[in-house]
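Visitor: I would like a close look at a single part. Please go step by step and define the terms as you go.

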Amino acid sequence: MIGSLRDLLRRAWRHPSGRWGTLTLIVLAVLVLVGPSRLPDPFVMPDVLAGATAPTLAHPFGTDQLNRDILSRVVSGGRVSLAIALLAVVVSLGVGATVGLVAGYTGGWVDALLMRLVDGALAIPRLFVLLLLLVVWERIPLWALVLALGTTGWFGTSRLVRGEVLRLRAEPFVQAATALGASASRTIARHLFPNAAGPALVAATLGVGEVILLEAGLSFLGLGVQPPTPSWGGMVLDARPLIVSAPWTAIFPGAAIVLTVLAVNLVGDALQAALDPRSA
Amino acid sequence: MTELLDVRDLRIGFPLAGGRTVFPVDGVNLQVGRGETVALVGESGCGKSLTSLALLRLVPPPGSIMQGSRILLDGTDVMALGAEALRQVRGRRIGMVFQDPMTSLNPVLTVGAQVREAVTAHRRLKSSEAKARAIALLGEAEIPDPAGRYDSYPHELSGGLRQRALIAIALAGEPDLLIADEPTTALDVTVQAQVLELLDRLRATRGMAVLLITHDLGIAAGRADRVAVMYAGQIVEEAPTARLFTAPGHPYTRALFRSIPRLDSAVERLAQIPGGVPSAEAWPGGCRFHPRCSEVLARCAAEVPPVVDEGGGQSARCWLPAEGRR
């Protein structure tokens with residue numbers, strides 16, 4: 001039996017991969033939050049003639065084809081990429097948890113209808129939906145990109161939460177709450193949601209990595225974050241013609257993506273392991 | 001005496017595949033007076049827990065309470081209540097203590113939060129008042145250091161303390177009737193006695209009626225004013241406790257007593273009741289106990305026995321007293 005969310009987080013922290021992942025994410029978050037104010041302006045007037053220069057002390061990650069400092073672009077691009085990922089996952093967790101709670105608690109035809117809709121949505125590839133949307137909506141604003149990523153990512157979460165709710169509804173403490181006159185909304189908010197939150201949190205953590213990769217992929221295709229706003233995927237796209245002559249232009253943003261996704265997945269793995277009672 | 005709870009002809013049906021319906025509870029009559037302790041005793045599967053759930057209209061689907069069943073609580077027809085009125089009965093008029101203290105508490109909320117929730121489910125209180133009330137209830141359930149335990153999680157408490165916390169939750173609505181469904185099954189014998197004494201003290205101080213559901217005649221003996229013995233979905237005997245124990249009227253009750261180990265007689269082997277508890281899918285015809293009864297008559301297999309009043313508040317569903325042969 002899983003104890004409180006606090007217990008879950010404590011057990012995940014004891015897991016080595018959870019600790020490393022969390023520390024990496026904290027370092028990345030600090031860099032991304034305070035970095036831009038201490039680094040050269042990533043939007044500085046481009047100097048096309050200077051071109052891409054190899055890493056030096058002045059530009060530790062080198063410069064790109066427009067002679068912009070790659071370190072500062074990676075850092076401010078991280079701000080964009082991480083913010084998008086975080087917000088999109090919050091949206092999908094919110095929608096997914098709500099749909100899952102309603103479907104699992106209400107049951108009957110509401111449950112059947114919602115789950116068939118989810119089945120249908122799961123059958124359509126997410127990337128395809130996003131590509132379609134982004135092709136139709138040129139120069140998409142960031143908030144719309146967040147919404148698009150969020151609203152296409154909640155199907156699995158809703159399934160997971162619904163399954164948990166179905167299991168929890170049979171638990172004596174939920175029946176006890178009903179027997180003592182707790183209303184439906186109170187039962188959902190106080191008894192079902194807090195107990196289903198653990199698995200949903202794991203799914204959300206793993207979803208962060210997925211969204212970062214999706215955003216990078218879309219930006220790489222030129223459909224995500226629009227220039228001159230830096231994003232990791234967009235930087236890799238810009239580096240494509242230079243990948244042999246100036247590899248640092250692709251390596252550093254690429255490494256940032258790998259490091260972030262790895263860290264997030266380590267945390268997700270640790271949470272998952274902490275949730276499994278057999279590993280406790 | 002005006003009865004607090006008056007159940008008549010309670011039948012609970014579960015549909016089976018193929019259109020058949022089985023009746024695990026089949027015509028139960030039960031009365032509980034104010035401030036009285038009634039024990040409902042029976043083997044596993046006899047329908048006693050289902051009966052208690054029916055009082056709150058909480059029969060798990062696909063089961064349902066059949067037409068013609070009557071449940072009167074202090075004159076209110078529980079069968080006719082709407083959802084909101086029903087919510088007011090649950091917890092407020094009838095409190096329930098569940099069997100398993102390990103799983104009947106929400107593992108992610110503190111004990112205090114859960115008691116407090118039961119307090120605010122039926123009354124609007126300021127946050128500080130609700131907390132004070134919750135701590136008072138924990139104290140009333142005789143949990144040592146109630147203010148300190150308020151912030152404990154269920155897994156930090158022992159089984160006995162958890163059962164006390166469940167009792168505090170059941171008391172929160174100040175119910176007139178407390179249903180305790182096997183409240184001590186999961187506990188050690190010493191803790192069992194303490195919890196039962198606590199329930200009895202609370203009954204006395206609050207003037208609350210208690211319906212004690214148990215499979216243990218010993219538990220019924222010490223606390224109950226009256227005992228109802230249930231077998232195969234029906235109440236087969238009902239009597240004041242002392243009378244039931246000195247002069248059991250139904251062969252099933254007598255067989256139960258014979259199968260209890262005694263300290264004052266040296267027997268090699270305990271008596272047992274031959275056969276097993278029938279399933280609700282195939283209740284025997286006639287008297288439901290007749291295939292296992294040691295005093296069976298010819299007519300028992302064919303005709304359903306009447307409930308015979310034997311005087312002194314005792315009644316039994318049996319042909320023996322009806323035929324004047326015992």
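Visitor: Into which domains is chain B divided, and which residues does each take?

Guide: A word on the model comes before the domains. This is a predicted model: local features need pLDDT of at least 70, side-chain atom pairs count only at pLDDT 80 or more, and totals for chains, interfaces and linings use all residues. Residues are numbered from 1 along each chain as its sequence is written, while chains are lettered from A and ligands numbered from 1 in the order in which they are written.

Chain B is divided into domain 1 (3-93 + 178-188 + 203-284) and domain 2 (105-174). These bounds come from an automatic or database domain assignment. Taken over C-alpha atoms, the centres of domain 1 and domain 2 of chain B lie 28 Å apart. Their contact takes 6 residues from domain 1 of chain B and 8 residues from domain 2 of chain B. Contact here requires C-beta atoms, placed from the backbone, within 7 Å. On the domain 1 side there are 4 nonpolar, 1 polar and 1 charged residues. Nonpolar covers Ala, Val, Leu, Ile, Met, Phe, Trp, Tyr, Cys and Pro; charged covers Asp, Glu, Lys and Arg; the others, Gly among them, are polar.

Now to helix H4 of chain B, residues 127-140. Helices are DSSP runs (H or I, at least four residues), numbered from the N terminus. The expected span is 1.5 Å times one less than the number of residues. H4(B) has 14 residues, so its span should be 20 Å, and its end C-alpha atoms are indeed 20 Å apart.

Four names make up the buried set of H4(B): Ala134(B), Ile135(B), Leu137(B) and Leu138(B). They sit on the same side of H4(B), because they cover an arc of only 160° around the axis. Buried means 20 or more other C-beta atoms within 10 Å of the residue's own, with C-beta atoms placed from the backbone. The arc is that of the directions from the helix axis to the C-beta atoms. What covers these buried residues includes helix H3 (111-120), helix H5 (146-149) and helix H6 (159-171) of chain B. After H4(B) comes Glu142(B), with a positive phi, near 60°.

Helix H3 also turns up at the chain boundary. There, 25 residues of chain B are in contact with 19 residues of chain A. Helix H2 (83-89) and H3 of chain B are the elements giving two or more residues to the chain B side. That side has 12 nonpolar, 8 polar and 5 charged residues.

Definitions and conventions: Buried ≥ 20, exposed ≤ 12 C-beta atoms within 10 Å, placed from the backbone. Contact = placed C-beta atoms within 7 Å.
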